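Reader: Hello! I would like a close look at one part of this model, with enough of its surroundings to place it properly. Could you take me through it at an easy pace?

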Amino acid sequence: MAAASGLEGAGEILVSIPPGDGGVLMGLTFTASERGVHRPGPLHMQVESLWGFWGFRRTLDLNTEIRVQPDLSVDRRRVAALFLVSGSEGQRPVRQVGHGREFEKLRPFVPGDAPDDIHWKATAKRAAPVTKVFQAERTQEVYVLVDASRLASRGMEDGRTALDAFLRAALLLWQAALAQQDHFGLVIYSRHVTTFIRAGGGLAHLDACREALVSVRPDPAPADLRELSAFLGLRLRHRALLTMLTCLDDPEAASEAAAFLPHIGRRHLLLVHSLVPSSLAPVFPGPVVSSVDDIARRVGGHLRWKKLGDLGRMLGRQGVRLEVVRRPSLVTGLISAYLQAKRRELL
C-alpha cells in the first residue's frame with residue numbers, strides 16, 4: 001500500500017481469508033511524520049489462485065483522510081503546575097491590582113474613594129457625592145497572532161520549525177483561556193492575513209480553532225505588519241489581549257515591528273513573544289570558545305541579542321511588552337504572561 005506524503009504506511013500485510021462469505025477486518029497502521037491533512041494512497045490487493053498459478057489483483061482508493069494534530073503532551077506537563085490547585089495547601093493571597101473595568105453599581109461616597117470614581121451626573125441629581133463601583137471583567141477577548149512568514153520556517157533545536165512551536169503554544173493558551181472562561185480567537189498572518197477567527201468560547205469553538213491550524217504552512221515571503229495593523233483596526237472594535245508569536249531577531253522584521261506594533265498597542269494590550277535560537281545570547285555566558293569561528297558566532301549572536309533588547313525597551317516605552325523566549329520556555333512564558341495580565345487587570 002502506498003502512503004501519502006507525511007505518512008509512513010505498513011507496507012505489505014498478509015491476511016488469511018476464512019472460507020465462507022464473512023468479512024475480514026484488517027488493521028492498517030500509519031505513523032505521521034508531519035502535521036496536516038493527509039490522504040492515504042491506494043490500497044493494492046492480490047489474492048492467489050487455489051493452485052498458485054495466477055493471482056487476482058485489485059486496487060481500491062481509500063476515500064478517507066487522516067488529520068494530524070500537534071502533540072501537546074510534553075508542553076502540557078510543563079504548564080500543569082500553573083493550574084494546579086490542591087485544597088488550600090500552598091495557596092497564598094495575591095493582591096489584586098486595580099478595581100476592575102466593568103460597571104457594577106452606584107453607592108454613596110465614602111472617605112477614601114478616588115475622585116475619578118465619582119459619578120457627577122448622579123451627584124448633581126442627588127445633591128450628594130455618588131461613587132461608581134466596578135468589578136473585574138469576567139469574560140475577556142484573547143487573540144493569538146501567529147506569524148507564518150519565512151522566519152517561522154526556521155528549524156529549532158528540537159528539529160521542528162518555529163511555526164510548529166507557535167501552533168502548539170496557541171492551542172495550550174486557548175485551553176487556559178477556556179478554563180478562565182475567556183473568549184479566544186485566531187489571526188494567522190504573513191504577507192497577508194490568511195486566517196481570522198473571531199473570539200468565542202466553548203469546546204466547539206476550540207475545535208474550530210484547532211482545525212484552522214492543521215494545514216498551516218509557512219509563507220516564503222516576509223510578514224507585512226502594516227497590513228496586519230490595518231486589518232486589526234478594522235476587525236477588532238473593542239480592546240482585547242493580543243498575544244503575538246513571532247521571530248524578531250531579523251533586522252528587517254525588527255524594523256517593521258518598531259514601526260507598526262506601537263499602532264496596535266495603542267488600541268489593545270499587545271504581548272509579543274519572540275522565539276530565538278540558542279545562538280542568540282550574551283557573549284559571556286556559555287561554554288568556553290574553542291576556535292576563531294566560535295568567537296565570530298558568539299559575537300554575532302551577542303550583537304543580535306543586544307539589538308533585540310533595544311527593540312524591547314523601545315516598544316516598552318510605547319505600551320508594547322516584548323518577551324524574548326527560547327523553545328522550552330515558550331509555552332510557560334506565554335501562559336504566565338496571560339495569567340499575570342488577568343490578575344493585574346491590565347486589559
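My request is about strand β12 and its partner β13: how many bridges join them, and do they run parallel or antiparallel?

Author: Happy to walk you through that. Strand β12, residues 241-246, is joined to β13 by six bridges, and the two strands run parallel. One of the pairings sets Leu241 opposite Leu269 in β13. Please keep in mind that this is a predicted model, with an average pLDDT of 82 over the protein chain and 86% of the residues scoring at least 70. The stretch to treat with care is residues 85-97, where the pLDDT is below 50 and where the model shows eight contacts beyond near neighbours in sequence.

Let us stay with β13 for a moment. This strand is mostly covered, as seven of its seven residues are buried. Its side chains point two ways: Leu269, Leu271, His273 and Leu275 go one way, while Leu270, Val272 and Ser274 go the other, and all of them are buried. For comparison with the whole, buried residues make up 38% of the 347 residues in the protein chain.

His273 deserves its own look. This histidine lies in β13, which spans residues 269-275, and its relative accessibility is 1%, so His273 counts as buried. Leaving aside residues up to four places away in sequence, His273 touches Thr243, Met244, Leu245 and Thr246, and also Glu323, Val325, Leu330, Gly333, Leu334 and Ala337. The first group brings us back to β12, the strand of residues 241-246 that is bridged to β13. Contacts across long stretches of sequence are a feature of the whole chain too: of the contacts with a separation of 6 or more, 72% are between residues 24 or more positions apart.

Now follow the chain out of β12. The loop between β12 and α6 holds two acidic residues that form salt bridges. Asp249 is one of them, and it pairs with Arg304, with 2.7 Å between the closest N and O atoms. Asp249 sits in that loop and Arg304 in helix α7, residues 292-316, so the salt bridge ties together parts that are 55 residues apart in sequence. The two partners differ in cover: Asp249 has a relative accessibility of 6% and therefore counts as buried, whereas Arg304, at 34%, counts as partly exposed.

Asp250 is the other, and it forms a salt bridge with Arg150, where the closest N and O atoms are 3.3 Å apart. Here too the pair links distant parts of the chain: Asp250 is in the loop between β12 and α6 (251-267), and Arg150 is in the loop between β9 (141-147) and α3 (162-179), 100 residues apart. Asp250 counts as buried because its relative accessibility is 18%, while Arg150, at 29%, counts as partly exposed. Glu252 also takes part, as Arg150, Asp250 and Glu252 are linked in a network of salt bridges. As a general point, side chains of opposite charge can pair when their charged atoms come close.

For a contrast in sequence distance, consider Asp207 and Arg210, whose side chains meet in a salt bridge at 2.8 Å, N to O. These two are three residues apart in helix α4, residues 203-214, so about one helical turn separates them. Asp207 is partly exposed, with a relative accessible area of 41%. The structure holds nine salt bridges.

Helix α6, which follows the loop at residues 251-267, is a good place to continue. Ser229, in helix α5 (residues 225-235), touches Phe260, His263 and Ile264 when residues up to four places away in sequence are left out. At 17% relative accessibility, Ser229 counts as buried.

To finish, a step back to the outside. The protein chain has eight helices and 14 strands, and its accessible surface comes to about 20200 Å², with 55% of that belonging to carbon and sulfur atoms. On this surface there is a nonpolar patch with about 1300 Å² of accessible area together, whose members include Ile13, Val24, Leu50, Trp51, Phe53 and Trp54. Trp51 is in the loop between β4 (43-48) and β5 (55-60) and counts as exposed because its relative accessibility is 71%. Set beside that tryptophan, the strand you asked about gives the opposite picture, since seven of the seven residues of β13 are buried.

Methods:
Residues numbered from 1 in each chain as written. Predicted model: local features only at pLDDT ≥ 70, side-chain atom pairs only at ≥ 80, totals over all residues. Heavy atoms only, no water. Patch = residues over 30% accessible without salt bridge, like charges linked within 9 Å, V, L, I, M, F, W, Y side chains within 5 Å. Areas by Shrake-Rupley, 256 points an atom, 1.4 Å probe, with all protein chains shown as cover. Salt bridge = Lys/Arg side-chain N within 4 Å of Asp/Glu carboxyl O. Helix = DSSP H or I, 4+ residues; strand = E, 2+ residues; numbered from the N terminus. Buried < 20%, exposed > 50% of the residue type's maximum accessible area, 1.4 Å probe, protein only. Contact = heavy atoms within 4.5 Å. pLDDT = per-residue confidence, 0-100. Pairing = 2+ DSSP bridges.
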